[in-house]
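I opened the model to look up a handful of residues and helices, and I keep the entries here in the order in which I made them.

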Amino acid sequence: MSEYTPTETRGGLKANVLGTFDTIVMAIAGSAPAYSLAASSAALIAAAGLFSPAALLWCAIPMLGIAWAFNYLGRLDVNAGASYSWVGRALHPSLGFAAGWSLVVSALIFMVAGSLPAGQYTLSLFSDSLAANTWACVGVGAFVFLVMALLVLLGARITAHAQWIMTGVEIAILAIFGILALFHHRPGASFHLSYLWGFGHFGGMAGFATSALVAGFYFWGWDVTANLSEETTDSKRNSGLGGLLGVAVVFAIFEIFTIALNMNVTDKQISSGTFLSDLGEIIMPGAGGKIMVLAVVLSTVATLETTLIQISRSLFAMGRDNTLPAAFGKTHPKWQTPYVAIGVIVAISLGLFLAASQIGSVNNILQDAVLAIGLQICVYYALAGIAVVVAYRKVVFKSVSNAIFVGIWPGAGALFMAFLFVENCKTLDTEVLLIGLGALAIGIIPLAIYWAKGSEFYTNPPARLDAALAEAVDAEFGGSTLAKASSGNSGGMATDL
């Protein structure tokens, strides 16, 4: 039992500043329902057509398995690096670095994929011609990004307050328009229940894999609650609970709006990129279009903020463990935030903005970025799903609930993410693979450098994650949330739901 070393006290982040409600709001903001719909619906409908709701469902089931994995791994190790630390301690330090690096590069690419649409949609509230100007979108997007970076620098409490406002207004708009959309449909359009779960209508396995990869991007971001665990009260419960509820809420929103788009908006409108505002005009003529655009702007800004949190906390944890420059592990003396990591992210992101502006239109940049990020998130989600099975292997058969929530479901989620990664690597365009896989491959350089330097994370890694050992410690000192063979409690492992 002496080997069990909880990590709650490590690092210099400000503890206990976020509560249960904060984590739920953060998870929803991280998945950014309005932004995800605006950014990804064209690609999803192009791949799955009327069966887009089914693609979302078939991706939501394994995604919830990954959310369960995050929930239970967070009970063993409270760490701002989240999957980086969990995978490193459960599987191998090099795989842990791979998980952390996957999140870092996906978040960096998202700085462009999120900031440019933030500029575009903001400008569209005032001028359609300006919204079509890539340089104007870059300028406004960069300004929005810098404001969000400042809020993240000032601390998680201020960030959470901003999220209450932005995400609260966004969800209110989506709820109202989503309910009203159920009572509208264009002439000739009809809804069939098979659209919700039809599996044989994706054009083969490759078509399904592409649809599911896009659907995975829809959900991505809920796991920001794990990266905020060192700053959350009762983190072993709240971080995982926030992620689970966040996935459930955004899934419902995605399904309703995808059905509404299929029933109300034409293929031409989908390809034009104005489909959400067009849907808003159908539901509420006059002001509906602008209101929906406002929801997208708020959603985009909110998810930029949560993504900045994820990448800055991941870099902080990696710097603290000396698997990246140690300066990343420094926190501001007043705000207790990783200011060096935030500063580096800002500098790199601004450079990426300028580079992206030379590539082409915002829509073209966005489509490639969505698919590239989809590949990268498959890596760390799959590794986390495997990690929870390994960490809980000694207690997985103590009850049916254990077997489901730390064995079968997360394991199936990991296999699904691995399948998406492999299958899409066979079919995606060369430029998407260069962005997605090239960014991952760059991680070999810092991995090799810091391994050669003798980083303790590699040469003398932290204690392996072992749920049975943690259970023994909790049983002796109290506070266990795990199943206990001698307790006579047939309920098994708590699920928090």
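**Entry 1: alanine 356**

I began with alanine 356, which is buried, its relative accessible area being 5%. I keep in mind that I am reading a predicted model. I placed alanine 356 in helix 16, and I then took its distance to aspartate 466, finding 44 Å between the C-alpha atoms for two residues that are 110 residues apart in sequence.

**Entry 2: helix 3**

I turned next to helix 3, whose 25 residues reach 37 Å from the first C-alpha to the last, which is close to the 36 Å expected at 1.5 Å a residue. Where does helix 3 have its kink? I found the kink, of about 25°, at alanine 60, shortly before proline 62. I also noted that 21 of the 25 residues of helix 3 are buried, so the helix is largely enclosed by the rest of the structure.

**Entry 3: helix 3 against helix 12**

I then looked up how helix 3 (residues 52–76) packs with helix 12 (residues 235–264), and I read an angle of about 175° with the axes 8 Å apart. Since angles over 145 degrees count as roughly antiparallel, helix 3 and helix 12 are therefore roughly antiparallel to each other. On the side of helix 3 the contact includes Leu56, Leu57, Ala60, Leu64 and Trp68, while on the side of helix 12 it includes Leu241, Leu244, Val247, Phe251 and Phe254. I recorded the make-up of this contact of helix 3 with helix 12 as 13 nonpolar, six polar and three charged residues. The kink residue of helix 3, alanine 60, is thus listed among the residues that meet helix 12.

**Entry 4: serine 31 and alanine 32**

I went on to serine 31, which has its place in helix 1 and counts as buried at 1% relative accessibility. Leaving out residues up to four places away in sequence, I found that serine 31 touches Ser36, Tyr218, Phe219, Trp220, Gly221, Trp222, Val250 and Phe254. Phe254 is also one of the helix 12 residues that meet helix 3. The C-alpha atoms of serine 31 and valine 249 are separated by 9.9 Å, although their positions lie 218 residues apart along the chain as the sequence separation is counted.

I moved one entry on to alanine 32, which lies in the loop between helix 1 (20–31) and helix 2 (33–48). I noted a positive phi of about 50° for alanine 32, although it is not a glycine. I wrote this down because most residues other than glycine have a negative phi. Alanine 32 is buried, with a relative accessible area of 1%.

**Entry 5: asparagine 322**

I looked up a further positive phi at asparagine 322, where the value is near 60° in a residue other than glycine. Is asparagine 322 buried or partly exposed? I read 33% relative accessibility, and asparagine 322 therefore counts as partly exposed. Asparagine 322 sits in the loop between helix 15 (288–320) and helix 16 (339–357), and helix 16 is the element in which I had placed alanine 356.

**Entry 6: helix 5 and helix 19**

I checked the span of helix 5 (residues 93–124), whose 32 residues should cover 46 Å at 1.5 Å a residue, and its end C-alpha atoms are indeed 46 Å apart. Helix 5 bends by about 25° at phenylalanine 110, and 29 of its 32 residues are buried, so that I describe it as mostly covered.

For helix 19 (residues 430–442) I read 13 residues and a reach of 17 Å from the first C-alpha to the last, close to the 18 Å expected. Its buried residues are Val432, Leu433, Gly436, Ala439 and Leu440.

**Entry 7: isoleucine 171 and isoleucine 377**

I finished with two isoleucines. Isoleucine 171, in helix 8 (residues 156–181), is partly exposed with a relative accessible area of 23%, and beyond its neighbours within four places in sequence it is in contact with Ile28, Pro33 and Ile253. Isoleucine 377, in helix 17 (residues 362–391), is buried at a relative accessible area of 2%. I found that isoleucine 377 touches Ser106, Gly216, Phe217 and Trp220, not counting residues up to four places away in sequence, and Trp220 is also among the residues that serine 31 touches.

Terms used
Residues numbered from 1 in each chain as written. Predicted model: local features only at pLDDT ≥ 70, side-chain atom pairs only at ≥ 80, totals over all residues. Heavy atoms only, no water. Axes fitted to C-alpha atoms, helices over the stretch in contact; angles between N-to-C directions. Helix = DSSP H or I, 4+ residues; strand = E, 2+ residues; numbered from the N terminus. Parallel < 35°, antiparallel > 145°, perpendicular 65-115°, else oblique. Contact = heavy atoms within 4.5 Å. Nonpolar A, V, L, I, M, F, W, Y, C, P; charged D, E, K, R; others polar. Buried < 20%, exposed > 50% of the residue type's maximum accessible area, 1.4 Å probe, protein only. Expected span 1.5 Å × (residues − 1). Bend = angle between axes of the 7 residues up to and from the residue.
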